[in-house]
Amino acid sequence: MRIAGRIPRGAAVAGAVLILAAGAARAGDRAWTRDRVSQGLQAQGRAVAVLYGPGPRDPAVPASARITRVYASRDYDSAARISTRLCWGSERGPCVPLDGRYVETHAFDGRAASGPLLLVHRVEGWGGDHPPVFVRGTVTVWFDGR
């Protein structure tokens, strides 16, 4: 049971990891962050992709800017088992799995910092729950300042 006004434990942990990761960024790096919620996952095995890219409040991302690191997290309120992949460019990838609630990776280093990046969610089992399930996601991309 969650009490109104309290931060869910998963969100607090993910936020702490993001703050620590941000402090470790190289001095010349800049970053953009986007928070989004998926459409409702309705069917087991059917992928739902959510697109992430820099927004109007983020620093300008020059066409020549390249990724130096990516952080992604996801959270949802359900007993369902959901697999999530972080992909660059399209659902076909390249992709890396989120084995827990978040991943920090250098797998996309050198690729265009404007993305797009996607979180691709798939219900593997309902675990006694039922559709729809909405997944909250965050993607942060650090990039060189070129």
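In the predicted model, Arg-111 lies over the face of Trp-88, with a distance of 5.2 Å to the ring centre. A second arrangement of this kind involves Trp-142, over whose ring the charged end of Arg-69 is placed, 4.0 Å from the centre. As for pairing between aromatic rings, a search of the whole structure returns 1 pair.

Both Trp-88 and Arg-111 are among the residues in contact with Ile-67 when neighbours within four places in sequence are set aside. The contacts of Ile-67 further include Phe-108, Leu-117, Val-141, Trp-142 and Phe-143, together with Asp-109, Gly-110, Ala-112 and Ala-113. Ile-67 also belongs to the largest nonpolar core, which comprises 19 residues. Within this core, the members touching the most others are Ile-67, Val-70, Leu-86, Phe-108, Leu-117 and Val-139. Two or more residues are contributed to the core by each of β2, β3 (67–75), β4 (81–88), β5, β7 and β8 (136–143). Another core, of 9 residues, lies apart from it and includes Leu-41, Val-48, Ala-80 and Val-135. In soluble globular proteins, nonpolar side chains tend to be buried together.

Strands β2, β7, β4 and β5 form, in that order, an open sheet of 4 strands with antiparallel pairing. Its edges are occupied by β2 (48–52) and β5 (95–98), each of which pairs on one side only. On average, neighbouring strands of the sheet are turned by 25° against each other, direction being ignored. The antiparallel pairing of β2 with β7 (residues 117–125) extends over 5 bridges, and Val-50 is found opposite Leu-119 of β7.

Definitions and conventions
Residues are numbered from 1 along each chain as its sequence is written. This is a predicted model: local features need pLDDT of at least 70, side-chain atom pairs count only at pLDDT 80 or more; totals for chains, interfaces and linings use all residues. Side-chain values use heavy atoms; hydrogens and water are left out. Rings of Phe, Tyr and Trp (its six-membered ring) pair if their centres lie within 6.5 Å; planes under 30 degrees apart count as stacked, over 60 as edge-to-face and the rest as tilted. A charge sits over a ring if NZ of Lys or CZ of Arg is within 6 Å of the ring centre and within 35 degrees of the ring normal. Two strands pair if DSSP finds at least two bridges between them. Axes are lines fitted to C-alpha atoms, for helices over the stretch in contact, and angles run from 0 to 180 degrees between N-to-C directions. A nonpolar core is a set of buried Ala, Val, Leu, Ile, Met, Phe, Trp, Tyr and Cys residues joined through side-chain atoms within 4.5 Å. Buried means under 20% relative accessible area, exposed over 50%, partly exposed in between (1.4 Å probe, protein chains only). Contact means heavy atoms within 4.5 Å.
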